[in-house]
Every structure is written in structure tokens, then in C-alpha cells.
Amino acid sequence: QVQLVESGGGSVQAGGSLRLSCAASGYTYSSDCKGWFRQAPGKEREGVAAIYTGGGNTYYADSVKGRFTISQDNAKNTLYLQMNSLKPEDTAMYYCAAEPICGGTRYGWISPKDFRYWGQGTQVTVSS
């Protein structure tokens with residue numbers, strides 16, 4: 001049974017940093033895709049960052065480029081999202097996701113439709 005468990009969310013002031021973690025269990029695929037998504041109240045879930053582990057390629061939404069970094073520790077089977085220079089508009093529930101058979105993600109598309117497994121989310125709140 002695949003489980004993804006996020007942690008690391010919290011409340012910070014604008015300009016601050018957070019690092020989100022996503023620990024995977026029951027999931028051992030190589031050359032897969034993983035991603036981070038967020039959803040603010042009343043808005044659709046949007047892709048933030050993704051990684052194609054087969055080639056180490058990373059992809060980011062324009063709104064977070066230069067501020068967020070996605071990475072993976074294979075030994076720990078854990079995905080990370082380092083978030084710097086946080087803005088109030090980054091406030092949302094953040095979810096990690098994983099997909100063993102990469103679809104459009106492999107080419108830079110970060111869509112919730114392309115991911116099969118999801119975590120329960122961790123809240124990030126950025127105050128001005």
C-alpha cells in the first residue's frame with residue numbers, strides 16, 4: 001500500500017523559508033515522476049514543482065521559479081520542497097504526489113491528472 005506523508009508546513013512571515021518533506025512508503029519505483037501541488041481556498045489545485053527521477057529533470061511553475069527547489073533523497077525515499085522568499089500568495093495546502101509511469105510531467109507539464117498517488121497535505125501560511 002502506497003503512502004505519502006507530508007510534513008514541514010507552518011506559518012511564516014513574508015520573506016521567510018520553509019522546507020516541506022514527503023516520506024514515501026510502499027513505493028519503490030525508479031525513473032518515476034514526483035511533484036508538489038498546492039490548493040488555496042476556492043481555487044483549483046495547481047502544480048508547483050515536479051521532478052523526473054529518471055533524468056533528474058526538474059520543472060517549476062513560473063510563480064515559484066527561482067524561489068522553490070524540488071529535490072529527492074533516494075536513500076530516505078523522501079521528496080523535498082525548499083521554499084524561500086515566501087509571499088502571502090504562496091499560502092495554501094501543499095500536497096506531494098507520485099506517479100510510477102510518467103506522462104506529460106516528463107516534458108514539463110505539471111498537472112494533477114498525471115499523478116496517481118497523493119499525500120494528505122500540509123498547510124503553509126505566509127503573513128505579510
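Is Glu99 buried or exposed? Glu99 is buried, with a relative accessible area of 6%; buried here means under 20% relative accessible area, exposed means over 50%, and partly exposed lies in between, with a 1.4 Å probe and protein chains only.

Before I continue, two remarks on the basis of these values. The model is predicted, so local features need pLDDT of at least 70 and side-chain atom pairs count only at pLDDT 80 or more, whereas totals for chains, interfaces and linings use all residues. Residues are numbered from 1 along each chain as its sequence is written, and side-chain values use heavy atoms, with hydrogens and water left out.

Let me begin with the charged pairs. A salt bridge is a side-chain nitrogen of Lys or Arg within 4 Å of a carboxyl oxygen of Asp or Glu, and by this rule there are six salt bridges. Glu99 pairs with Arg116 in one of them, at 2.8 Å from N to O. Glu99 belongs to strand E9 and Arg116 to the loop between E9 and strand E10 (117–118), so this pair ties together parts 17 residues apart in sequence. Strands are DSSP runs of at least two residues, numbered from the N terminus. Arg116, in contrast to its buried partner, is partly exposed at 47% relative accessible area.

I turn next to Asp90, which is buried with a relative accessible area of 0%. Its side chain meets that of Arg38 in a salt bridge of 2.9 Å, N to O. This pair links distant parts of the chain, 52 residues apart: Arg38 is in strand E4 (residues 33–39), and Asp90 is in the loop between strand E8 (78–83) and strand E9 (92–99). Arg38 also counts as buried, at 6% relative accessibility.

Asp90 forms a further salt bridge with Arg67, where the closest N and O atoms are 2.7 Å apart. Arg67 lies in the loop between strand E6 (57–60) and strand E7 (68–73), so this pair joins parts 23 residues apart in sequence. Both of these residues, Asp90 and Arg67, are buried. Through shared partners, salt bridges join Arg38, Glu46, Arg67 and Asp90 into one network.

Finally, the nonpolar cores. Such a core is a set of buried Ala, Val, Leu, Ile, Met, Phe, Trp, Tyr and Cys residues joined through side-chain atoms within 4.5 Å. The largest has 26 residues, and those with the most contacts inside it include Trp36, Phe68 and Tyr94. Apart from it lies another core of eight residues, among them Cys33 and Ala97.

How values were computed. Helix = DSSP H or I, 4+ residues; strand = E, 2+ residues; numbered from the N terminus.
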